[in-house]
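Please open the model in your viewer and keep a selection panel at hand. The stops below go from one selection to the next, with a short account of what is there.

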Amino acid sequence: MPLLCDLYGDLCDAFSSPLIHMGGDEAIALGKGATKGEADKFGAHRLFARHLKRVRDFVAKRGRRLVCWADPFEPNFFKPFGFENYGLEGLNQIPRDVLLASWHYGLMDEFPFGAQAAEMGFELQLWSAMGSHELLPTLEAAARNVESFIPHAHRLGVLGAIHSHWGDV
């Protein structure tokens with residue numbers, strides 16, 4: 001944790017934003033390597049929650065609000081890839097002042113996690129997203145992604161909506 005405190009401290013010193021985004025997406029490998037014994041004993045979701053709380057406490061002392069990706073908690077998010085995540089049980093371990101950033105590729109006809117997280121007392125940011133192996137994103141697909149996500153943002157009263165392009169080029 002000392003290294004992370006140094007890094008997050010540097011971020012707080014360099015930027016005036018009230019928000020610090022820790023990432024934390026795709027953290028489902030926790031408990032598979034060196035932390036396997038602890039995960040078997042306490043549960044991987046508790047290990048992740050403990051880490052998140054430590055980071056949250058550090059940035060809160062610096063007057064900042066922690067943001068983290070929501071996919072470690074959104075039920076069935078990783079199911080198409082054959083993985084489980086921490087689900088709502090894991091989310092229930094997280095302080096309610098942590099801002100959840102929920103991202104999705106493609107169309108979002110339904111978004112039950114948004115209502116579940118809001119009912120649990122969390123505030124959200126919604127990130128529509130595109131990813132490609134092309135130099136330029138497919139603008140039509142990006143527009144459809146944004147158009148399907150924005151109604152959820154309005155319905156849930158989220159803090160904001162952002163569109164990202166995560167490409168490999």
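Helices here are DSSP runs of H or I with at least four residues, and they are numbered from the N terminus. With that naming in hand, select Gln 116, which has its place in helix α5; keep in mind throughout that this is a predicted model. With a relative accessible area of 29%, Gln 116 is partly exposed, because that class covers what lies between the 20% and 50% limits. Once residues up to four places away in sequence are set aside, Gln 116 touches Pro 75 and Leu 88. If you also select Arg 50, you will find its C-alpha atom 22 Å from that of Gln 116, the two residues being 66 apart in sequence.

From Pro 75, go on to the pocket. Select Glu 26, Glu 74, Pro 75, Asn 76, Phe 77, Phe 78, Pro 80, Phe 81, Trp 103, His 104 and Tyr 105, which together line the largest pocket. The space in this pocket comes to about 280 Å³, and its lining divides into seven nonpolar, two polar and two charged residues.

Stay with Asn 76 for a moment, a residue in the loop between β2 and α4 (87-91). What is the sign of its phi angle? Phi of Asn 76 is positive, near 65°, in a residue that is not glycine.

The loop between β2 and α4 also holds Asn 85, which is the next residue to select. Is Asn 85 buried or exposed? Its relative accessibility is 16%, so Asn 85 counts as buried, the limit for that class being under 20%. Beyond its neighbours within four places in sequence, Asn 85 is in contact with Ile 28, Asp 71, Pro 72, Phe 73, Glu 74, Pro 75, Asn 76, Phe 77 and Phe 78. The C-alpha atom of His 51, a residue 34 places away along the chain, is separated from that of Asn 85 by 16 Å.

Now turn to the nonpolar interior, and begin with Leu 52, Phe 73, Leu 91, Ile 94, Leu 100, Phe 113 and Leu 124, the residues with the most contacts inside the largest nonpolar core, which has 34 residues. Two or more residues of this core are given by each of α1 (2-14), α3 (44-61), β2 (65-69), α5 (112-119), β4 (124-130) and α6 (139-156). The largest share, eight residues, comes from α3. For a closer view, centre on Ile 94, which, apart from neighbours within four places in sequence, is in contact with Ala 49, Leu 52, Phe 73 and Phe 122. A second core, separate from this one and made of 10 residues, includes Ile 28, Val 67, Phe 77 and Trp 127.

While α3 is on display, select Arg 46, which is found in that helix. Arg 46 has a relative accessible area of 41% and is therefore partly exposed. Its C-alpha atom is 7.2 Å from that of Gln 93, although the two residues are 47 apart in sequence.

The last selection is α6. At 1.5 Å a residue, its 18 residues should span 26 Å, and the C-alpha atoms at its ends are 26 Å apart, which agrees. Colour Ala 141, Ala 142, Asn 145, Ser 148, Phe 149, His 152, Ala 153 and Leu 156, which are buried in α6. As a guide to reading such a pattern, an α-helix has 3.6 residues a turn, so residues three or four places apart point the same way. The buried residues of α6 pack against β3 (99-105), α5, β4 and β5 (160-165).

Within α6, centre on His 152, which counts as buried at 7% relative accessibility. Which residues does His 152 contact, leaving aside neighbours within four places in sequence? They are Met 108, Asp 109, Glu 110, Phe 111 and Leu 126. Pro 112, 40 residues away along the chain, has its C-alpha atom 9.6 Å from that of His 152. To finish, step just past the end of α6 to Gly 157, where phi takes a positive value of about 65°.

Methods:
Residues numbered from 1 in each chain as written. Predicted model: local features only at pLDDT ≥ 70, side-chain atom pairs only at ≥ 80, totals over all residues. Heavy atoms only, no water. 1 Å grid on protein atoms, 1.4 Å probe; cavity = no way out; pocket = protein on both sides within 12 Å on 5 of 7 lines; lining within 4 Å. Points joined across faces, edges and corners; volume = space filled by probe spheres on them. Nonpolar A, V, L, I, M, F, W, Y, C, P; charged D, E, K, R; others polar. Core = buried A, V, L, I, M, F, W, Y, C linked by side-chain atoms within 4.5 Å. Buried < 20%, exposed > 50% of the residue type's maximum accessible area, 1.4 Å probe, protein only. Contact = heavy atoms within 4.5 Å. Expected span 1.5 Å × (residues − 1).
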